[in-house]
Amino acid sequence: ATGMDMSKVQFRWSSDEINGHAVEYWGQALDIARKTTLARVKKCCQIMGRAEDKLTAAQIMYPVMQASDIFFLKADICQLGVDQRKVNMLARDYCDAIGRRKPVVLSHHMLYGLAEGQAKMSKSNP
């Protein structure tokens, strides 16, 4: 519909790439964490509906890992829901810190879940 040459488009599963290159992935994630303040990461956690004083370490690392996915997969275009906008901005801030070209961000409205009455699509329960 957009005239895109699909032979030049690649769809990849992040989990497959991470499992095959764990040292590289976690090095990237830790570098993002090292160059980002805790206050900045906490701004991303607000999208998960979590109270700041009750965040676990895993919940704090999650936005860092989402940002790392963008770079690890060498994405030129990052497409996420509007609820993930703060993670995209975290990734773009990191680009400023390391002098890297920023990915293009395409945000869309959240997708409704497939179950009756489900307001939002979920990875665990589509």
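Good morning. I begin with Y25, which is buried, with a relative accessible area of 2%. I should say at once that the model before you is a predicted one.

Y25 belongs to the aromatic side of this structure, which holds three aromatic pairs. In one of them, Y25 and F72 meet edge-to-face, with 5.4 Å from centre to centre and 90° between the planes. This pair joins distant parts of the chain: Y25 sits in helix α2, residues 22-34, and F72 in helix α4, residues 57-72, so that 47 residues separate the two. F72 is buried as well, with a relative accessible area of 5%. Y25 and F72 also share one aromatic cluster with W26.

Let us move to F71, in helix α4. How are the rings of F71 and Y94 arranged, stacked or tilted? Their centres are 5.3 Å apart and their planes stand at 55°, so the pair is tilted. Here too, distant parts of the chain are linked, since F71 lies in helix α4 and Y94 in helix α5, residues 85-98, 23 residues apart. Both partners are withdrawn from the surface by the accessibility criterion: F71 counts as buried at 4% relative accessibility, and Y94 is buried with a relative accessible area of 5%.

I turn now to the packing of helices. Helix α3, residues 38-45, packs against α4 at an angle of about 90°, and their axes are 9 Å apart. Because an angle of 65 to 115 degrees counts as roughly perpendicular, α3 is described as roughly perpendicular to α4. Which residues make this contact? On α3 they are L38, V41, C44 and C45, and on α4 they are Q59, I60, P63 and V64. By character, the residues of this contact divide into seven nonpolar, one polar and no charged.

My final stop is D83, found in the loop between β1, residues 77-81, and α5. Is D83 buried or exposed? At 17% relative accessibility, D83 counts as buried, because the limit for that class is under 20%. The side chain of D83 also makes a polar contact, at 3.4 Å, with the side chain of Q84.

To close, I would ask you to locate helix α4 on the screen once more. It carries F72, the partner of Y25, and F71, the partner of Y94, and it packs with α3 at about 90°. Thank you for your attention.

Technical notes:
Residues are numbered from 1 along each chain as its sequence is written. This is a predicted model: local features need pLDDT of at least 70, side-chain atom pairs count only at pLDDT 80 or more; totals for chains, interfaces and linings use all residues. Side-chain values use heavy atoms; hydrogens and water are left out. Rings of Phe, Tyr and Trp (its six-membered ring) pair if their centres lie within 6.5 Å; planes under 30 degrees apart count as stacked, over 60 as edge-to-face and the rest as tilted. Helices (H or I, at least four residues) and strands (E, at least two) are DSSP runs, numbered from the N terminus. Buried means under 20% relative accessible area, exposed over 50%, partly exposed in between (1.4 Å probe, protein chains only). A polar contact is a pair of N or O atoms within 3.5 Å; within protein, one must be able to donate a hydrogen and the other to accept it, and residues adjacent in sequence count only if both atoms are side-chain atoms. Axes are lines fitted to C-alpha atoms, for helices over the stretch in contact, and angles run from 0 to 180 degrees between N-to-C directions. Angles under 35 degrees count as roughly parallel, over 145 as roughly antiparallel, 65 to 115 as roughly perpendicular and the rest as oblique. Contact means heavy atoms within 4.5 Å. Ala, Val, Leu, Ile, Met, Phe, Trp, Tyr, Cys and Pro count as nonpolar, Asp, Glu, Lys and Arg as charged, and the others, Gly among them, as polar.
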